[in-house]
Structure formats: C-alpha cells, structure tokens
Amino acid sequence: MTENTVTAPKKIIFSGMQPTGYPTLGNYLGAIKNWGALQEEYDCLYCIVDMHAITVRQDPAQLRKNAKNLLALFIACGLDPEENILYMQSQYHGHAELSWILNCYTYMGELGRMTQFKEKSAKNEANINTGLFTYPVLMAADILLFGTALVPVGDDQRQHLELSRDVAMRFNNIYGDVFTVPEAYIPKSGARIMSLTEPTRKMSKSDEENSYVSLMDAPDAVIRKFKRAVTDSDMEIRYDQAEKPGISNLLEIYANACGISIDAAVAEFEGKGYGHLKTTVGEAVVGNIIEPVQGRFAEISKDAAYLDEIMKKNAQRAAQIGERVLKKVKKKVGFVV
Ligand code: TYM
C-alpha cells in the first residue's frame, strides 16, 4: 500500500514597512530580523507600504527611490525574494479596494482612539488628512486580504493589530467566516528599541538624527551615536527599564545584535564602565548588522532590472492570493462579481 503524505498548507504571515527613508535599527530588530526567522515555517508576504507613506507629504521621486531601496534592503537583510512575497502595496489594487469596504465597517470612535493618529496629527498639524485617520483601516485591509494568521510587528503596532482583529470579527459576525482573525507576533525582546538621546521614547526616523541609527549610516557615525547615547548618573550596568532606560536599551540592543539573552549581556558587562558598554554595543551593531547588510545592499542594488523583475512578479503573486478573499468579500456585501 502506498501512502500519500498530505502536507497541510502553511499558515500565512503578512507584515509591512513604510518606505520613508532607510529603516532604523528599531525597524530591523523589532520587525525585519524576525521576518527572516519565520520565512521557512510560513508563507510570508512582506510589503513596502507606499500607500501608507503618503499620509504624510512625500517627495514623489524620493518616495519611489526609497521604496526600491527598501526592497533591496529587505533582500540584503536576508529575506529571500523567491521564498517570500516581497512587493509594493500600490502595485496591487486589492489593498485600496478592501480598505474602502472595511471603512464602512469601522467606527470613527475607534479610529479617534488610535495613539499613532493622535501623535501623527500633533506632529503634522497643517496636514491632518483623512488618510491619516483611516490609516489603520488600510492596515487591516493589508492583513485581512490574504487570510493572514500571524503579523510580526514591533510593540507600537499592537493597537492597530487589535483594531484589525475587531474589524475582522465584526465582519465575520455579519457575513460568516470570511476573514481569518490574525494574531500579533511581537518579540519578547527588541519589540521597542528606544531613542539613543531620549531613551523613554521609541526610536524613530522622524526624530533628530542622533536619536536613531539607520541601517545605511556610515559605521563611524553609528559608533559615534552610541558613544553619545544618553544613560544615567549611576555607575551600575543592570537591566531595569523603569529606573535605567538608557542602559536597558543598550543592553537590549546588544543582546539582540549578538543573539544572546539579556541576562548573558548583563553578565558580560559586570564590573565594566558605561564607556566600555557604549563602545562595545556600537561595535557589535556595526560588525553584526550594519556592515554585512550594507555589503549585500551594495551588490543587490546594482541590478535594477533584477529588482524590477522581483517587484512585478511578486505583486502578481500577492494578487493571486488576495483576489480569492476580495472576491468573497465583494460577493458578501452585495456587489455584482
Ligand atoms: P513602520 O514602517 O513604522 O515600522 C515597521 C516595523 O518596525 C517596527 N518598529 C519598531 N520595532 C522596535 N523598535 C522600534 N523603535 C520600532 N520602530 C518601528 C514597527 O512596529 C513595524 O513592525 N503601519 C505600519 C506598517 C504596516 C503594517 C501593515 C504592519 C502597514 N500595513 C500590516 C503590519 C501589517 C508602520 O507604519 O510600520
């Protein structure tokens, strides 16, 4: 008797990143690094969310360039463009279509409570557009379009993920099991890398330059930024986010850059001074992340035709998966399909 081995289909992972400049060390440790670790076990879509980016005014030529660079950087960070679907959000219309439909199942009150909306409106007072307000609905569409089971993100996306789940459940309650209700995948360590100059705030590329490390910073600039990192007036190296946010952030970065536990990192620095800690963390980030990524990026970005081909092919692969859900949704809400 011959036995047929039936392999269950892999679960789907979706995540996205805005092409607003080069990713930071926070983006890398909170998201991209984990994406790479999940690529074999799941079917993964990693999306360059240029439609989200235009909620804040962008220079068109620069946005296009950033988006292409981000694709090259994804690959340079170890995401295999054959294994994973790496693509541009604006190259598949399904995101916009589903987003409109989901707008009609999301409440103003829910969107008004979003922390990121409040923060971004405070920063962009002259341009509080409706896209900024409905941004989380587009994000829900991104996720729900593909039957996504798991969404690997940093801690700052937790609230948006909750909203995606609420919208999915609301829709399913009315129409039956249309959407898979996604789970957030937030790493225990590295999910909230803090600013180097204000370690009680999240590291963000929209803040002043010394506060963040970009994956494309020159190695000596990275070392300099770490040397200047704000710590405290105490002398003890221990992990205590509330009392010692600066030191804890450095320890967390070091542990993640070296692939060791925080405890092991703390043990390594026992009896050492802050100066030594800062230099060692800077060197680990440069040696283990910045230099290898930049080396591969330089190679990959030389081949523009290859990147264009990947973009085109992967947008089609995404569309193939997305169309199944989109068609079902359109039918359910009463469109002629
Ligand atoms: P974005 O582009 O702001 O950030 C991309 C990813 O990086 C994570 N991240 C961080 N992780 C740790 N420490 C930090 N300081 C840090 N800063 C950013 C973010 O949590 C995120 O995982 N709205 C999303 C993009 C998006 C998306 C999606 C994500 C659009 N659609 C669907 C998941 C699923 C955003 O603006 O991420």
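The exercises below work through a predicted model of one protein chain.

**Exercise 1. The overall build**

Task: Find how many helices and strands the protein chain has, and decide why it counts as compact.

Solution:
- Step 1. Take the secondary structure. The protein chain has 13 helices and 5 strands.
- Step 2. Take the radius of gyration. It is 21 Å for the protein chain, and the globule rule gives 20 Å for 337 residues.
- Step 3. Compare. The two values are close, so the chain is as compact as a globular protein of that length.
- Step 4. Add the extent. The C-alpha trace spans about 70 × 60 × 45 Å along its principal axes.

**Exercise 2. Inside, outside and charge**

Task: State what share of the 337 residues is buried, then describe the surface and the charges.

Solution:
- Step 1. Buried residues make up 51% of the 337 residues.
- Step 2. The accessible surface comes to about 16,300 Å². Carbon and sulfur atoms hold 51% of that surface.
- Step 3. Turn to the contacts with a separation of 6 or more. Residues 24 or more positions apart account for 75% of them.
- Step 4. Count the charges. There are 38 positive and 42 negative side chains. The centres of the two sets lie 5 Å apart.

**Exercise 3. Two paired strands**

Task: Work out in which sense strands E1 and E2 pair, parallel or antiparallel, and why each is called largely enclosed.

Solution:
- Step 1. Locate the strands. E1 covers residues 12-17, and E2 covers residues 43-48.
- Step 2. Read the pairing. E1 and E2 run in the parallel sense, over 6 bridges.
- Step 3. Find partners across the pair. Phe14 stands opposite Leu45 in E2. Gly16 stands opposite Cys47 in E2.
- Step 4. Check the burial of E1. Of its 6 residues, 5 are buried, so E1 is largely enclosed by the rest of the structure.
- Step 5. Check E2. Here too 5 of the 6 residues are buried, so E2 is largely enclosed by the rest of the structure.
- Step 6. Recall a general point. Side chains in a regular strand alternate between the two faces of the sheet.

**Exercise 4. From a loop to helix H3**

Task: Place Pro19, decide whether it is buried or exposed, and trace its contacts to helix H3.

Solution:
- Step 1. Pro19 lies in the loop between E1 and helix H1 (25-38).
- Step 2. Its relative accessible area is 0%. The cut-off for buried is under 20%, so Pro19 is buried.
- Step 3. List contacts beyond four places in sequence. Pro19 touches eight residues, including Ile48, Asp50, Leu63, Asn66 and Leu70.
- Step 4. Follow one of them. Asn66 is found in helix H3. At 11% relative accessibility, Asn66 is buried.
- Step 5. View the contact from the other side. Asn66 is in contact with Pro19, Thr20 and Gly21, leaving aside neighbours within four places.
- Step 6. Move along the helix. Asn69 also sits in H3, which covers residues 60-76. It counts as buried at 15%. Beyond four places in sequence, Asn69 contacts Tyr22 and Phe297.

**Exercise 5. A residue of helix H8**

Task: Classify Arg158 as buried, partly exposed or exposed, and give its C-alpha distance to Ala184.

Solution:
- Step 1. Arg158 lies in helix H8 (residues 158-175).
- Step 2. Its relative accessible area is 44%. Buried is under 20% and exposed is over 50%, so Arg158 is partly exposed.
- Step 3. Arg158 and Ala184 are 26 residues apart along the chain. Their C-alpha atoms are separated by 7.2 Å.

Terms used. Residues numbered from 1 in each chain as written. Predicted model: local features only at pLDDT ≥ 70, side-chain atom pairs only at ≥ 80, totals over all residues. Heavy atoms only, no water. Helix = DSSP H or I, 4+ residues; strand = E, 2+ residues; numbered from the N terminus. Rg over C-alpha atoms; globule rule 2.2 N^0.38 Å. Buried < 20%, exposed > 50% of the residue type's maximum accessible area, 1.4 Å probe, protein only. Contact = heavy atoms within 4.5 Å. Areas by Shrake-Rupley, 256 points an atom, 1.4 Å probe, with all protein chains shown as cover. Lys, Arg positive; Asp, Glu negative; His and termini not counted. Charge placed at Lys NZ, Arg CZ, Asp CG, Glu CD. Pairing = 2+ DSSP bridges.
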